[in-house]
Protein chains: 2
Amino acid sequence: MKVGVLGTGMVGTAIGTRLIELGHEVRMGSRQARSEKAEQWAESAGDRASSGDFADAAYFGEIAFNCTAGEGSVEAVSSAKVGLAGKLLIDVANVLDFSNGPPPMISATDQDSLAERIQRAVPEARVVKSLNTVNNDVMVDPARIPGDHVIFLSGDDQAAKRQAIEVLGEFGWPEERVIDLGDLTTARGPEMYVGLWLRLWGAIESSQFNIGLLRGQA
Amino acid sequence: MKVGVLGTGMVGTAIGTRLIELGHEVRMGSRQARSEKAEQWAESAGDRASSGDFADAAYFGEIAFNCTAGEGSVEAVSSAKVGLAGKLLIDVANVLDFSNGPPPMISATDQDSLAERIQRAVPEARVVKSLNTVNNDVMVDPARIPGDHVIFLSGDDQAAKRQAIEVLGEFGWPEERVIDLGDLTTARGPEMYVGLWLRLWGAIESSQFNIGLLRGQA
């Protein structure tokens, strides 16, 4: 499969590299037509890896990942609007505010979500929110955390969610640990959860954790 | 122990009844000096149960619980300010907005928390946030959910947190499943998490669940 990865940071690198390992072709996209980080990544990741700007990456992919920093995601996907039309766009980003220094604050609320803003910016893309609730290395290798921890899925397009579940499965997330929360507005839940994730990260001093869902009798 | 329970709804009733079962004396407080709900509860709960207004309940208790609806919590604790001075106040509330009908939206953000607003309103109380991340029946009987699910704790006063851990232990929360997130600002995390809790509740159509914390190698 050809995959466009928008974003050249740690998350884009983790997802791009994992997709290459899985045998896919990946084009990493950046704001500028040429990005040193994207070109270096493409060089190190081998023959199936390439780089370009956001629009190039989106055109290239049969599906795409939004791995840009949440603060710039709407602008990034807007610049790749035509290339994303009709395609699954897995949004893994969070909007983090470092203006008061680390640890960052998150701007998520129950009024809107980044995933919904992205969907409004690229209405012809089929946006699915997932993976934003774990560290980037856990996103692509959930076996780093033992036990039945879970990942969430939100989106308006059932076929797109089905396709996202398959990609998550390739990353190592068994379907029974993928929780479909519902339509894209439900992405507000996992986006707000990051406010707890940041405090857990502070309390246990490690990013190597995730949550499980334990259920009683209904 | 004498405990003041502020709030006469399902949460106040669950916590008050459980405290009575555990052998404590409980005064349930309401907005008005006399509340039919509080009086009925006190009558049904036996000799160690009584009722009054918020200030009465706060004066009565050696510790207190804020179980009022989050929208009215600051007003409620403010009216009980003198009685709460120096005491552990366990805030279990969430601010829910039903203005668009059910399911409610939550107003939590990473800028502030209800727990901090309560602490500012009653600076001499020793506020600890906990239990707001589970349904009321799970708060007081965590064994309803099998497995190692967890509960969070936030507060500025170490001795108050120590006392809260003991009360949680009486409810059935073993100390190793109580996660101390840090100071009271960390309450923003569990308060924001409720945005995810509401979507999980919608997706699995049950309130009988909680999250576990699974950890990998640091």
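This report describes how chain B and chain A meet in a predicted model.

Local features in this predicted model need pLDDT of at least 70, side-chain atom pairs count only at pLDDT 80 or more, and totals for chains, interfaces and linings use all residues. Residues are numbered from 1 along each chain as its sequence is written, chains are lettered from A in the order in which they are written, and side-chain values use heavy atoms, with hydrogens and water left out.

In contact, meaning heavy atoms within 4.5 Å, are 42 residues of chain B and 42 residues of chain A. The buried area, which is the accessible area (1.4 Å probe) that two parts lose on being put together, summed over both, is about 3300 Å², and carbon and sulfur atoms give 65% of that area.

Two salt bridges (a side-chain nitrogen of Lys or Arg within 4 Å of a carboxyl oxygen of Asp or Glu) are counted between chain B and chain A. One of them joins A:Arg199 to B:Asp110, with the closest N and O atoms 2.7 Å apart.

The side of chain B that touches chain A draws two or more residues from each of these elements, where helices (H or I, at least four residues) and strands (E, at least two) are DSSP runs numbered from the N terminus.

| Element of chain B | Residues |
|---|---|
| β7 | 105-106 |
| β10 | 178-182 |
| α9 | 188-204 |
| β11 | 209-215 |

The largest share of this side, eleven residues, comes from α9(B).

Strand β11 of chain A (residues 209-215) runs antiparallel to β11(B), to which seven bridges join it, and strands pair if DSSP finds at least two bridges between them. In β11(B), B:Leu213 is the bridge partner of A:Ile211.
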